[in-house]
Amino acid sequence: MAKRDASQTSTSKEIVPVVVGRDESPVTRAILDFVSQIPASDVPRASVGSAEEACHRLTKAAANKAALTAGSLALPPGPLGWLTVLPELVAIWRIQGQLVSDIAAAYGKTATLGREQMLWCLFRHTAAQAFRDVAIRVGDRLVFRTAATGVLQKLAGRIGMSVSKRAVGKGISRWLPVVGALGVGAYAYYDTNQVAKTAMDLFSGEVHVEDGDLVVTDETLSRHVDA
C-alpha cells in the first residue's frame with residue numbers, strides 16, 4: 001500500500017482535483033476546486049509554549065482581513081449584490097484556508113494537512129453532520145479517513161447545501177447595502193475565529209489519518225519525513 005507523501009515544504013500542496021459533475025451546484029464545484037490545492041505557509045514551527053500565542057495573532061489578522069473583504073464585496077446593492085455572494089465565499093475560504101495552513105505550520109503539522117482536514121477546519125462548525133463518512137470518533141480520538149473521489153463529492157455536496165442556505169441570507173442582506181455590509185463583515189470575522197478554533201483544537205493534538213487498513217499518525221509521518 002502506498003504511503004502518503006508527508007513532505008513538509010514551503011510550496012503549496014497540489015492534490016489531484018476531483019472531477020466535478022455537471023449536476024453539481026456552483027457552491028459544491030467551488031468547494032471541490034478550492035481543496036484541490038493546499039496553500040503554502042511560511043510560518044515557522046513554534047515552541048509548545050508559544051504556538052497558541054502565534055495562532056491567536058494569525059487569527060486576529062485573518063479575521064480582520066476576512067471582515068474587510070466580505071464587507072467590501074457586500075456593498076453593491078440589490079440584484080448586483082447577488083452576483084458577489086459566491087466570489088465573497090471563495091475569497092473568505094482563501095483567507096481561512098491560508099489561516100488553517102499557517103496554524104498547522106505553527107504546530108509543526110503541515111504533513112498531516114490534507115483535503116479532509118482542510119474541509120473539517122473550514123466547515124465543521126457549520127456542517128458537522130456532513131463529515132460522518134470522513135471523520136469518526138474512536139474513544140477520545142478523532143480519526144480521519146482518506147476520502148475517495150465519490151466520498152469527497154458527497155461531502156462537498158452536503159457542505160454546499162449548508163453553505164447555500166447561509167448564502168441566501170447574505171444575498172438578502174445586499175438589499176441593505178451599508179447595514180448589510182456591516183453584518184456580513186461581522187459574520188466573516190466570527191466565522192474566521194471559529195475556523196481558527198477548530199484548527200487549533202485539531203493541530204494542537206495528534207492527528208490520526210486512516211489510510212485503508214493503515215492508521216497514520218503525526219509520529220509515523222514524522223518518521224517518514226526524517227527518513
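# A guided tour of the chain

Among contacts in the chain between residues at least 6 apart in sequence, 78% join residues at least 24 apart, where contact means heavy atoms within 4.5 Å. The model is predicted, so that local features need pLDDT of at least 70 and side-chain atom pairs count only at pLDDT 80 or more, while totals for chains, interfaces and linings use all residues. Residues are numbered from 1 along each chain as its sequence is written, and side-chain values use heavy atoms, with hydrogens and water left out.

## The whole chain

Begin with the whole chain in a cartoon view, where there are 8 helices and 6 strands; helices (H or I, at least four residues) and strands (E, at least two) are DSSP runs, numbered from the N terminus. Followed along the sequence, the chain has the pattern β-α-β-α-α-α-α-β-β-α-α-β-β-α. Of its 227 residues, 46% count as buried, a word that stands for under 20% relative accessible area, with exposed meaning over 50% and partly exposed in between (1.4 Å probe, protein chains only).

## Helices H4 and H5

Next, select helix H4 (residues 85-106) and helix H5 (residues 115-123), which pack at an angle of about 115 degrees with their axes 10 Å apart. Axes here are lines fitted to C-alpha atoms, for helices over the stretch in contact, and angles run from 0 to 180 degrees between N-to-C directions. The crossing of H4 past H5 is right-handed, which is to say that the near helix is turned clockwise from the far one by less than a right angle, whereas anticlockwise would make it left-handed.

Show the side chains at this crossing: Trp93, Gln96, Gly97 and Val100 of H4 meet Met118, Cys121, Leu122 and Phe123 of H5. The residues of this contact divide into 6 nonpolar, 2 polar and no charged, where Ala, Val, Leu, Ile, Met, Phe, Trp, Tyr, Cys and Pro count as nonpolar, Asp, Glu, Lys and Arg as charged, and the others, Gly among them, as polar.

Keep H5 selected and colour it by accessibility: 9 of its 9 residues are buried, so H5 is largely enclosed by the rest of the structure. The buried residues of H5 include Arg115 and Glu116 as well as Trp120 and Leu119.

## Asp191 in helix H7

From Gln96, move to Asp191, whose side chain is joined to that of Gln96 by a polar contact of 2.9 Å; a polar contact is a pair of N or O atoms within 3.5 Å, of which, within protein, one must be able to donate a hydrogen and the other to accept it, and residues adjacent in sequence count only if both atoms are side-chain atoms. Asp191 belongs to helix H7 (residues 177-203) and is buried, with a relative accessible area of 6%. Leaving aside residues up to four places away in sequence, Asp191 touches Gln96, His125, Thr126 and Arg166.

## Glu52 in helix H2

Now centre on Glu52, which lies in helix H2 (residues 48-73) and is partly exposed, with a relative accessible area of 45%. With residues up to four places away in sequence not counted, Glu52 touches Tyr107 and Met200. The C-alpha atoms of Glu52 and Ile103 are separated by 8.9 Å, although these residues are 51 residues apart along the chain.

## Ser36 and Gln37

Select Ser36 in the loop between helix H1 (26-34) and strand S2 (37-38). Ser36 counts as buried at 19% relative accessibility, and a polar atom of its side chain lies 2.7 Å from the backbone oxygen of Asp33. Gln37, placed in strand S2, counts as partly exposed at 36% relative accessibility, and its C-alpha atom is separated by 9.0 Å from that of Gly114, 77 residues apart along the chain.

## Strands S3, S4 and S5

Finish with strand S3 (residues 135-138) and strand S4 (residues 141-145), which pair in the antiparallel sense over 4 bridges; two strands pair if DSSP finds at least two bridges between them. Two bridges can be picked out by their residues, since Ala135 has Phe144 as its bridge partner in S4, and Val138 has Arg141. In the hairpin of S3 and S4, with 2 residues between the strands, Gly139 takes a positive phi near 70 degrees. S4 is also joined by 3 bridges to strand S5 (residues 208-211), and these two run parallel; here the bridge partner of Val143 in S5 is His208.
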